[in-house]
Amino acid sequence: MTNTPGRSKPPVGARPAISRLGLVALVGWIALLVLLSWWVAKVSHQWLPVQASTAAPLVDGLFSFETGVGTFVFGGVVSVMVWVIVMHRAEKYDESDAEPIEGNTRLEVIWTAIPLLLVMAIAVYAMRVNTSLGVLGPMEHIHLANPIEDQGGYPADQLPPEQVEVIARQWSWEFRYPDANISSTELHLPVDQPVTFRLVSDDVIHGFYIPAFRLKQDVIPGRAINFNLTPSREGRYRLRDSQFSGTWFATNQADVVVESAEAYQAWLKTAASQPLQPGLSDAMTEFTARQQLKNPGWATVPPAPPPQVNVPGSNTLPHDA
């Protein structure tokens, strides 16, 4: 291997010294990456639905922190790649092998320690958020086939002291308010008041997920799961099934109405005066329409019959998220 005339190479294994200008440029570029990461973390809130529960700011803060860290790591890796490609290109027609450079212990320690610190920081932040949320209460085992009495000690025709029972089926939601003795396929909640759900599935695993609340909980058959949250913003939102529960799981949605305490009490009073009627079930509507076709397509599990409720609600009104 011949050297280029007029150009000296450092001895093999020698570490090139970093000039003062290079050090200043490196520090400046790191500072620029930090500013860029901070800005992306701040604007990341705009990518999410409105904040409609007390849990939303905590979850969004964690998301913002992770987005900022990811931006910094991505920017740093891409910067190094670009610098290596631009500044360390082989000369034209140079087909020689690269110099045999051995490992750099200091560099290996740095690129091991930095990811470790970042991952630990994310883990600690996530644990603090999870502890602050405290959304899960005790879990009870229930007997769906013969619900005489569950292991929680509550008779089958009574509920523990919670406000709303949520029943998930293929593919519809039913909400029961034991204190008011009413049921609905549209969830109504008073704003700024804690509510505890008792989540029950009649068939398979479903996912209780309201994007505006930033909370999600699997609904597991054979178990009753207590789930706590506090709505903080009035509006109409959307409950979605976050678990694939069969053919029409995408239709397994319901409106969530957060309203003032006065409006909520008025709704309960009006709902109590309504007779039972079939609730909303888009899955049953689509299934019935498909069965009337000459070629109904593949065989599928028939949807459960629409629940009998006092208030069916609406699935056509606009919602915030």
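**Entry 1. S44 and the first two helices**

I began with S44, which counts as buried because its relative accessibility is 0%. I note at the outset that the model I am reading is a predicted one. I located S44 in the loop between helix 1 (20–43) and helix 2 (56–87). I then listed the contacts of S44, leaving aside neighbours within four places in sequence, and found F63, S64 and T67.

**Entry 2. The protein as a whole**

I next took the overall figures. I recorded 5 helices and 13 strands as the secondary structure of the protein. Of the 321 residues in the protein, 34% are buried. I also looked up contact separation: among contacts with a separation of 6 or more, 72% are between residues 24 or more positions apart.

**Entry 3. V129 in helix 3**

I placed V129 in helix 3 (residues 105–133). Its relative accessible area is 7%, so I entered V129 as buried. Which residues is V129 in contact with, once neighbours within four places in sequence are left aside? I found L58, V59 and L62. For V59 I also looked up the C-alpha separation from V129, which is 7.1 Å, although the two residues are 70 residues apart along the chain.

**Entry 4. Helix 4: length and sides**

I checked the length of helix 4 (residues 261–272). At 1.5 Å a residue, its 12 residues should span 16 Å, and the end C-alpha atoms are 17 Å apart, so the two values agree.

I then asked which residues of helix 4 are buried. They are Y264, W267, L268 and A271. These residues cover an arc of only 100 degrees around the axis, and therefore lie on the same side of helix 4. An α-helix has 3.6 residues a turn, so residues three or four places apart point the same way.

I turned to the face of helix 4 directed away from the buried side, where I found the exposed residues E262 and K269. For the buried residues of helix 4, I noted that the cover includes strand 3, strand 4 (182–184), strand 5 (187–190) and strand 11.

**Entry 5. Strand 3 and its partners**

Since strand 3 is part of that cover, I examined it next. I entered strand 3 as mostly covered, with 5 of its 6 residues buried.

I looked up how strand 3 pairs with strand 2 (residues 164–169): the two run antiparallel and are joined by 5 bridges. Within this pairing, W173 in strand 3 has A168 opposite. The connection from strand 2 to strand 3 is a hairpin through 2 residues.

Strand 3 also runs antiparallel to strand 4, with 3 bridges between them. Here I noted S184 in strand 4 as the bridge partner of F175. Strand 3 and strand 4 form a hairpin with 4 residues between them, and in the turn I found N181 with a positive phi of about 55 degrees.

**Entry 6. Aromatic pairs**

I counted aromatic pairs by the rule that ring centres lie within 6.5 Å, and the count came to 10. I looked up W173 and F208 among these and recorded an edge-to-face pair, 6.0 Å centre to centre, with 75 degrees between the planes. The pair links distant parts of the chain, as W173 is in strand 3 (residues 172–177) and F208 is in strand 7 (residues 206–210), 35 residues apart. Is each of these residues buried or exposed? W173 is buried, with a relative accessible area of 2%, and F208 is buried as well, at 1%.

I then took the rings of W248 and F287. Their centres are 5.7 Å apart and their planes stand at 90 degrees, so this pair too is edge-to-face. This pair also links distant parts of the chain: W248 is in the loop between strand 10 (235–241) and strand 11 (253–259), and F287 is in helix 5 (residues 282–291), 39 residues apart. I entered W248 as buried because its relative accessibility is 7%. F287, at 14%, likewise counts as buried.

Returning to W173, I traced its ring pairs and found a cluster that links W173, F197, F208 and F227.

**Entry 7. A charge over a ring**

I closed with W298. I found R290 over the face of W298, at 4.9 Å from the ring centre.

How values were computed: Residues numbered from 1 in each chain as written. Predicted model: local features only at pLDDT ≥ 70, side-chain atom pairs only at ≥ 80, totals over all residues. Heavy atoms only, no water. Phe/Tyr/Trp six-rings, centres within 6.5 Å; stacked < 30°, edge-to-face > 60°. Buried < 20%, exposed > 50% of the residue type's maximum accessible area, 1.4 Å probe, protein only. Lys NZ or Arg CZ within 6 Å of the ring centre and 35° of its normal. Expected span 1.5 Å × (residues − 1). Arc of directions from axis to C-beta. Contact = heavy atoms within 4.5 Å. Pairing = 2+ DSSP bridges.
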